[in-house]
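Here is a short colleague's note to read alongside the model. Please keep the viewer open and follow the points in order.

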Amino acid sequence: MTKVFTVAMHKGGAGKTSLLTNLVGGLTVKYPDKRILVIDTDSQANALMAFGGSPQEFPTGVHNLFLGDRDVKDCIYRLLDNVDIIPSTDEMDFIEFEVLLDEWRREEPFNKLDTAIEDIRDEYDYIFIDTPPSMNLITGNALKVSDEVIIPFQPETFGVNGIMKVLKTINDLNESLNSDIKVFGVVGMMVDSRASLHTMLVQDARKYCSERGIHMFDAVIPKSVRFANATAFEGLPATVVESEDRKRHHIVNAYYDLLDEMLQREGVING
Ligand SMILES: Nc1ncnc2c1ncn2[C@@H]1O[C@H](COP(=O)(O)OP(=O)(O)O)[C@@H](O)[C@H]1O
Ligand SMILES: [Mg+2]
């Protein structure tokens, strides 16, 4: 059964793309026979760039799915042996207008992505969707199509407020669209364990989540100056570049710990 994960947080720089691409990278290293599709819905196209691609190389992309003017199969490209991508371009900056201003397109505006990928969904074990830094029609579409949402929590921004707003959006969507979008879990991102503010905010987040029955993963991704500057330069996620045990950066180890925890949780959820 295909599992669709969306990484969502309505703020730029929260670690969405880093989290998504490193999880996908780690999955391909651990399970080279699993079929994975990345759908990049952020106009910045950072997910594609993390795998060494540049948006100009791709004549079609996720905007065509929102416009409904191309078959989904014409919008899928191979990234790695077992990873495909539906790329994004800056055309996504205009997509909300294009969908909402067109009488035919604005019908069921939150179902564009869901409908578009219906035919190819089953060809993958996992679909990972990256989202833009705001709660808009694009993110709404990504959430609507997902089984589970992964929420990155960066302890510098607005504390648990960000988590609260994402949870509310998911609840609202479930109520309005009669969907069953679940929260897979919250992940602490760019955590500096030496900073007492970070430790405190992560604790707050754990408490907030546990009081609401929301899962927060034990593994957190530490903050690193090297990663702040160099994540995408290798043309592959760090979890792929440093896939061998001995020379791994501690952040890469943290990603693999997180991945193990996620796979275990997935097993628990699916029985
Ligand atoms: N573990 C980390 N430590 C420090 N900086 C990081 C780390 N992970 C990612 N970054 C940097 O933080 C910035 C924002 O991350 P990104 O994943 O692009 O966030 P988003 O997709 O939510 O906008 C990027 O410049 C990225 O290189
Ligand atoms: Mg991003």
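The points below take up the ligand site and then the cavities.

1. Please bear in mind that this is a predicted model. A good place to start is ligand 1, which has 17 residues around it. Gly 13, Thr 17, Ser 18, Pro 222 and Ser 224 are the closest of these.

2. Next, look at the backbone contacts. An oxygen atom of ligand 1 lies 2.7 Å from a backbone N or O atom of Gly 13, and a polar backbone atom of Ala 14 is 3.0 Å from an oxygen atom of the ligand. Ser 224 offers a polar backbone atom 2.9 Å from a nitrogen atom of ligand 1. On its own the ligand has 570 Å² of accessible area, and the protein covers 80% of that.

3. Which elements build the shell around ligand 1? At least two residues each come from helix H1 (16–30), strand S8 (221–222) and helix H9 (225–230). H1 gives the largest share, with three residues. By type, the shell has seven nonpolar, seven polar and three charged residues.

4. Now turn to the cavities: the structure has two of 30 Å³ or more. The largest has a volume of about 90 Å³. Its lining includes Phe 5, Leu 23, Tyr 126, Phe 184, Met 262 and Glu 266.

5. H1 also appears in the lining of the largest cavity, where H1, strand S5 (126–130) and helix H11 (250–269) each supply at least two residues. Here the largest share, four residues, belongs to H11. Ten of the lining residues are nonpolar, none is polar and one is charged.

Conventions. Residues are numbered from 1 along each chain as its sequence is written. Chains are lettered from A and ligands numbered from 1 in the order in which they are written. This is a predicted model: local features need pLDDT of at least 70, side-chain atom pairs count only at pLDDT 80 or more; totals for chains, interfaces and linings use all residues. Side-chain values use heavy atoms; hydrogens and water are left out. A residue is near a molecule or strand if one of its heavy atoms lies within 4 Å of it. A polar contact is a pair of N or O atoms within 3.5 Å; within protein, one must be able to donate a hydrogen and the other to accept it, and residues adjacent in sequence count only if both atoms are side-chain atoms. Accessible areas come from the Shrake-Rupley method with a 1.4 Å probe; for residues, only the protein chains shown count as cover. Ala, Val, Leu, Ile, Met, Phe, Trp, Tyr, Cys and Pro count as nonpolar, Asp, Glu, Lys and Arg as charged, and the others, Gly among them, as polar. On a 1 Å grid over the protein atoms alone, a cavity is a set of points where a 1.4 Å probe fits but cannot get out, and a pocket is an open set with protein on both sides within 12 Å along at least five of seven lines; lining residues have an atom within 4 Å of a point. Grid points are joined across faces, edges and corners, and a volume is the space filled by probe spheres set on the points.
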